[in-house]
Amino acid sequence: MTTKAMAVPSRQIAFVVDLNKCIGCQTCTVACKRLWTGHPGQAFMYWRNVETAPGQGYPRNWTAKGGGYKDGELQKGKRPGAADYGVPFEFDYDGRLFQGKADRARPSPTPHSAPNWDEEQGAGEYPNNHYFFLPRMCNHCSQPACLEACPNDAIYRRVQDGINVINLDKCKGTGSCVEACPYGKAFLNMADLKGNKCIGCYPRIEKGVASACVAQCAGRAMHVGFLDDMNSSVHKLVNVFKVALPLYPEKGTKPNVFYIPPAFGPMVEDAQGNLTNTPKIPLAYLEQLFGREVGSALALLRSERSRKMSGMPSEVMDTMIGVRSADMMISPLT
């Protein structure tokens with residue numbers, strides 16, 4: 001069982017990602033990268049990234065790294081290597097454009113992997129190949145394995161919003177958080193031997209402003225709010241409609257990032273090219289990601305979409321559509 005006494009926040013911030021609306025544009029990735037990870041030793045870090053699923057993900061094969069909890073016991077996972085993150089590379093644009101080099105601009109060092117290296121590959125054979133985009137960030141878990149694993153008590157939960165943060169003054173660079181996080185979202189900065197991770201844009205949250213990833217989402221695929229705010233889209237999608245589910249809930253960390261599973265994708269084609277009633281994305285794969293509850297969530301989503309398309313009211317669809325971006329974001333704090 002867990003041994004550390006963890007602060008119980010007065011409120012819990014949560015994020016919902018609608019996988020039916022994510023277009024893989026990486027705008028959230030760029031917004032986060034530009035805002036938070038431009039310091040020495042952070043070039044390889046993507047606190048926020050958008051993966052192609054099925055796929056290897058970032059860091060590479062993170063789903064097999066271990067960590068989290070099993071039967072209530074903390075599990076020590078593997079620490080990804082530099083190749084798993086993808087060694088950062090640069091293009092010699094200066095030589096090509098301004099120094100007259102004849103060769104085309106090539107990346108250096110030669111890359112062999114990178115974040116989303118297998119972008120849009122997915123799985124299956126044409127014409128029934130399939131994929132979807134999976135944005136990922138620190139889940140700001142209610143039972144964070146990183147906090148439990150830290151030997152120096154450098155990780156804590158903020159009592160005002162439940163965001164998990166690393167106190168860099170206490171961090172000794174053991175990397176225990178990297179090994180314990182089952183989602184591969186804790187990092188070790190080798191420049192200063194400090195743990196780094198997403199901070200939930202808490203300076204923005206404190207001002208009632210949405211995190212950068214939510215605010216910059218081009219497809220309005222993201223929601224952020226407090227789970228106890230009954231008027232928030234996050235509360236409705238997670239607690240009322242129950243169509244937003246955590247990723248790999250069996251890891252035992254109680255994530256506070258939730259996903260609306262892809263329910264409206266294309267259907268399987270038979271040998272004659274006719275569409276069947278079977279979705280291309282296998283239910284078994286979605287159950288692997290989001291648990292057994294995904295079947296009922298998919299059924300409700302498809303039913304509510306049919307209602308909306310027939311002209312009947314649907315609060316579920318209205319909440320997901322988010323005609324006003326303000327309805328999808330955090331309410332000002334009081």
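In this predicted model, strand 13 pairs with strand 14 (residues 257–260) in the antiparallel sense, and the pairing runs over two bridges. One residue position shows how the two are matched, for Pro246 has Phe258 of strand 14 as its bridge partner. Both strands belong to an open sheet of four strands, whose order is 12-1-14-13 and whose pairing is mixed. Strand 12 (222–226) and strand 13 (245–246) stand at the edges of this sheet, and because each has a single partner strand, one side of each is left without a neighbour in the sheet.

Across this sheet lies helix 8 (residues 233–240), which is placed over strand 1 (13–18), strand 12 and strand 14, and which runs at about 90° to strand 12. Within helix 8, the buried residues are Ser233, Val234, His235, Leu237 and Val238. The elements that cover these buried residues include strand 1, strand 12 and strand 14, and also helix 11 (315–321). Just after helix 8 comes Lys242, whose phi is positive, at about 60°.

Elsewhere, the surface carries a nonpolar patch formed by Phe91, Tyr93, Leu97 and Phe98, which together have about 490 Å² of accessible area. Helix 3 (residues 93–98) provides the largest share of this patch, namely three residues. Leu97 is a residue of helix 3, and its relative accessibility is 59%, so Leu97 counts as exposed, the cut-off for that term being over 50%.

Technical notes. Residues numbered from 1 in each chain as written. Predicted model: local features only at pLDDT ≥ 70, side-chain atom pairs only at ≥ 80, totals over all residues. Heavy atoms only, no water. Patch = residues over 30% accessible without salt bridge, like charges linked within 9 Å, V, L, I, M, F, W, Y side chains within 5 Å. Areas by Shrake-Rupley, 256 points an atom, 1.4 Å probe, with all protein chains shown as cover. Salt bridge = Lys/Arg side-chain N within 4 Å of Asp/Glu carboxyl O. Buried < 20%, exposed > 50% of the residue type's maximum accessible area, 1.4 Å probe, protein only. Pairing = 2+ DSSP bridges. Contact = heavy atoms within 4.5 Å. Axes fitted to C-alpha atoms, helices over the stretch in contact; angles between N-to-C directions.
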